[in-house]
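Open your viewer, switch on the cartoon view, and keep the side chains ready to display. We will walk through this structure one selection at a time.

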Amino acid sequence: MPRIVIKNLGNLSIDTEHPDRKVIEIIHENGTDWMHACGKKGRCTTCKMIVVKGMENLSPETDRELFYRNQNRLKLNERLCCQSRLIKDEIVIRVAEINKFPHLAYTE
């Protein structure tokens with residue numbers, strides 16, 4: 001069963017029975033807030049995630065992600081939650097410092 005672990009949210013673990021779905025959809029359906037200023041359309045980078053482990057379990061990069069990577073707005077270990085799909089197994093991610101909500105309690 002595919003799983004997302006959000007390391008700096010207390011190792012929050014989210015399992016999904018439906019593979020090949022956008023990471024942000026899985027996170028939101030779990031009731032966890034995740035920033036997305038453009039409405040999940042890939043027009044900004046506010047939903048970026050830092051991938052600690054499991055990059056190979058995500059879909060290939062989209063044109064929007066490549067656009068931001070070429071502008072140096074996405075590092076090699078970062079993906080957009082609204083563009084990347086969890087294909088299989090597990091990913092371990094972190095919320096980027098700049099994208100943290102003030103009402104959530106983050107851990108290291």
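## First stop: the cysteines

Select Cys-44 and Cys-38: the closest cysteine sulfur to that of Cys-44 belongs to Cys-38, and at 3.7 Å it is too far away for a bond. A disulfide needs the two sulfur atoms within 2.5 Å. While you are here, check the surroundings of Cys-44, which is buried with a relative accessible area of 14%. Keep in mind that this is a predicted model.

Now select Cys-81. The nearest cysteine sulfur is that of Cys-47, 5.3 Å away, and Cys-81 is in no disulfide. Cys-81 is buried as well, with a relative accessible area of 0%. How many disulfides does a search of the whole structure find? The count is 0.

## Second stop: the sheet

Go back to the cartoon and colour the strands. You are looking for an open sheet of 5 strands, in the order β2-β1-β7-β4-β5, with mixed pairing. Which strands stand at the edges? They are β2 and β5: each has a single partner strand, so one side of each is left without a neighbour in the sheet. Turn the view to look along the sheet, and you can follow a twist that averages 35 degrees from one strand to the next.

As a reminder for reading the picture, strands of a sheet pair through backbone hydrogen bonds, either parallel or antiparallel. Both kinds can be found here, starting from β1.

- Select β1 and β7: this pair runs in the parallel sense, over 4 bridges. To find a place along the pair, pick Val-5, which stands opposite Val-92 in β7.
- Select β1 and β2: this pair runs in the antiparallel sense, over 4 bridges. Here, pick Arg-3, whose bridge partner in β2 is Asp-15.

Next, follow the chain around the hairpin of β1 and β2, where 5 residues lie between the strands. Stop at Gly-10 in this hairpin, which takes a positive phi near 65 degrees.

## Third stop: the salt bridges

Show the charged side chains. How many salt bridges does the structure hold? There are 10, and we will visit some of them.

Stay with Arg-3 and Asp-15, and look at their side chains this time. They meet in a salt bridge, 2.6 Å from N to O. Asp-15 lies in strand β2 (residues 12–15) and Arg-3 in strand β1 (residues 3–6), so this contact ties together parts that are 12 residues apart in sequence. Asp-15 is partly exposed at 41% relative accessibility, and Arg-3 is also partly exposed, at 31%.

Move on to Glu-90 and Lys-53. They form a salt bridge whose closest N and O atoms are 3.6 Å apart. Glu-90 is in strand β7 (residues 90–95) and Lys-53 in strand β4 (residues 48–53), so to speak distant parts of the chain, 37 residues apart. Glu-90 is partly exposed at 22% relative accessibility, and Lys-53 is partly exposed at 47%.

Now select Glu-65 and Arg-79. Their side chains meet in a salt bridge of 2.7 Å, N to O. The pair links helix α2 (residues 63–70), where Glu-65 lies, with strand β5 (residues 78–80), where Arg-79 lies, and the two residues are 14 apart. Are these two residues buried or exposed? Glu-65 is buried at 0% relative accessibility, and Arg-79 is buried at 3%.

Before leaving, select Arg-3, Asp-15, Lys-53 and Glu-90 together: salt bridges that share partners join them into one network.

## Last stop: two rings and a charge

Finish with the structure's 1 aromatic pair. Select Phe-67 and Tyr-68, whose rings are edge-to-face, 5.2 Å centre to centre, with 75 degrees between the planes. The pair counts as edge-to-face because its planes are over 60 degrees apart. How do the two partners differ in accessibility? Phe-67 is partly exposed, with a relative accessible area of 37%, whereas Tyr-68 is buried at 3%.

Finally, add Arg-64 to the selection. What does the charged end of Arg-64 sit over? It is the ring of Phe-67, with the charged end 4.7 Å from the ring's centre.

Notes: Residues numbered from 1 in each chain as written. Predicted model: local features only at pLDDT ≥ 70, side-chain atom pairs only at ≥ 80, totals over all residues. Heavy atoms only, no water. Phe/Tyr/Trp six-rings, centres within 6.5 Å; stacked < 30°, edge-to-face > 60°. Buried < 20%, exposed > 50% of the residue type's maximum accessible area, 1.4 Å probe, protein only. Lys NZ or Arg CZ within 6 Å of the ring centre and 35° of its normal. Salt bridge = Lys/Arg side-chain N within 4 Å of Asp/Glu carboxyl O. Pairing = 2+ DSSP bridges. Axes fitted to C-alpha atoms, helices over the stretch in contact; angles between N-to-C directions.
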